[in-house]
Amino acid sequence: MSVIRIQGLQRLHGEISIQGSKNAALPVMAAALLHSGVVVIKNVPGIQDVFCMMEILEGLGCRCCRDGHTLTIDTRGLCCWQVPEDEGRRMRSSVMLLGPLLGRLHRVNTCYPGGCSIGRRPIDLHLSALEQMGAKICGDEERVEAFAEKLCGTDIRLCFPSVGATENILMAAVAAEGITRIYGAAREPEIQVLCRFLETLGARIDGIGSGFLQVHGGRPLHDGEFTVPGDRIVAGTYLGAVMAAGGEVCLLDAPTDHMAETLCAAQQAGCMIEQKENRLFAKMNGRPLAVNLATGPYPEFSTDLQSVMLAVSCVAQGESWIQENVFEERFATAGELTRLGADIRIEDGTAFVRGKYPLRGNCVQAFDLRGGAALVVAALAAEGESQVHDCFYICRGYEDICRDLTAAGARLSFEGNERKYEENTA
Ligand code: EPZ
């Protein structure tokens, strides 16, 4: 059991340090497998998904050593191509191991990630690209097995800029012979981070940051050290908290260069934003204004912040709509927000919200990582006590949401056993 208890209606005031990015750290950890040697990764967040990836890498024969936020991975002992079942199922990102394991060991066997609470999440684009590079794919509904004596660079056209598929292709391409060109690649900042990490190890990639990537494969790789940037989704979540609760907060090390759409939405909602070096100041007087949003691949508004903005809309002045265009089932949180008194109607992938303030405290349940964080944000604007149950989902991606929001003056606490897991794996 894990619960976050929140006493709402406290204005926020304080400073929050933004943790390293989950969605950047996980592919970087997977990519470390491409090289036989030692890589040092700094600013790795202490979150459940990272601990799970560490367990997977150890199960494959690597050694992982975490000292604070610095993670050292020694991949010289990599010998196993079978991703451990339990951890593979626990974390969907285990699919990222397809490319690097095929590249290094020429073989991989992992459980099929299947659907999850935010949608079906197929991996057809990953598999088809790896096939085009020479891999033979087999398996059943439960597991994917792939072999490739030799991966060959080729031209790959993605019909949708899938983040995970782009990452898998990039990693396979670094190990492949010849040049791989990816047309229609995802442009999310986390892709750029992965490219920079691969370059640190000796890879050569053209077009970084664009929708066309060209990888010169087969170059020798070497040891390297790399720093993961701040998490734009965590920073966006805390901006959402200021908008919902009101107050004045300084976010340290928020990656503002990659937050244009989020900052724009916050400003439209009436949040005053100012930036000085690595400090982002956000000030919110009164209730947020209603803002309409549509999610999409980067640089459009991130689907990962849709639930948080939905929570903000619930307390906004007036009516707003939010359209979800990436994950079809990402409105599961709407029902729980309604239990906090919100007025939301979902129709054809769009949430129509009539704002009201304050919401009322209640017991609600997290169904996924970002939806769970959004419930915490909404509870900050609810009268009385709220409880967010099953908040282990939140621990998958937020190092310590209670610590961070408490630093900004919120009143909330965590009850549960996820921390023990951290002690065991540290
Ligand atoms: C990454 O997931 C992120 N996860 C997600 O973060 C994020 O929401 C998503 O990108 C979009 O930005 C990590 O980086 C670990 P996609 P990913 O492949 O790679 C469809 C979070 O909360 N699709 O870009 O799985 C798919 O169903 C999360 O931190 C196919 O149809 O996202 C979805 O509709 C959750 N076939 C769309 O593309 C495929 O083979 C986007 O998926 C692959 C994807």
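Where does S2 lie relative to strand 1 (3-7)? I started there and found S2 in the segment before that strand. Worth remembering for all of these entries: I'm working on a predicted model.

**Entry: S2**

Next I asked whether S2 is buried or exposed. Its relative accessibility comes out at 1%, and buried means under 20%, so S2 counts as buried. I also looked for what its side chain touches, and it reaches the backbone nitrogen of C391 at 3.3 Å.

**Entry: strands 1, 22 and 24**

From S2 I moved on to strand 1. It pairs with strand 24 (residues 385-389) in the antiparallel sense, over 5 bridges. I picked out one residue to follow: I6 has S386 as its bridge partner in strand 24. Strand 24 also pairs with strand 22 (residues 363-365), this time in the parallel sense and over 3 bridges. There I noted Q365, whose bridge partner in strand 24 is H389.

**Entry: strand 6**

I looked up how enclosed strand 6 (residues 107-111) is. I got 4 of its 5 residues as buried, so the rest of the structure largely encloses this strand. Strand 6 runs antiparallel to its pairing partner, strand 8 (residues 143-147), and I counted 5 bridges for the pair. For R107, the bridge partner in strand 8 is F147.

**Entry: the ligand shell**

Then the ligand. How many residues surround it? I get 24, and the closest are D124, S162, G164, D304 and V326. Sorted by class, the shell holds 10 nonpolar, 6 polar and 8 charged residues.

Which helices feed this shell with at least two residues each? My list reads helix 1 (22-31), helix 5 (124-132), helix 6 (163-175) and helix 12 (369-379). Helix 5 gives the largest share, with 3 residues. I checked the domains too: domain 1 (3-19 + 230-425) and domain 2 (22-227) each put at least three residues into the shell.

**Entry: polar contacts to the ligand**

I went through the side chains that meet ligand oxygen atoms. D304 has a polar side-chain atom 2.5 Å from one ligand oxygen. For N23, I noted 3.1 Å between a side-chain N or O atom and an oxygen of the ligand. R92 places a polar side-chain atom 3.5 Å from a ligand oxygen. Last, I checked coverage: on its own the ligand has 830 Å² of accessible area, and the protein covers 87% of that.

Technical notes
Residues numbered from 1 in each chain as written. Predicted model: local features only at pLDDT ≥ 70, side-chain atom pairs only at ≥ 80, totals over all residues. Heavy atoms only, no water. Near = heavy atom within 4 Å. Polar contact = N/O pair within 3.5 Å; in protein donor to acceptor, adjacent residues only side chain to side chain. Areas by Shrake-Rupley, 256 points an atom, 1.4 Å probe, with all protein chains shown as cover. Nonpolar A, V, L, I, M, F, W, Y, C, P; charged D, E, K, R; others polar. Domains from an automatic or database assignment. Buried < 20%, exposed > 50% of the residue type's maximum accessible area, 1.4 Å probe, protein only. Pairing = 2+ DSSP bridges.
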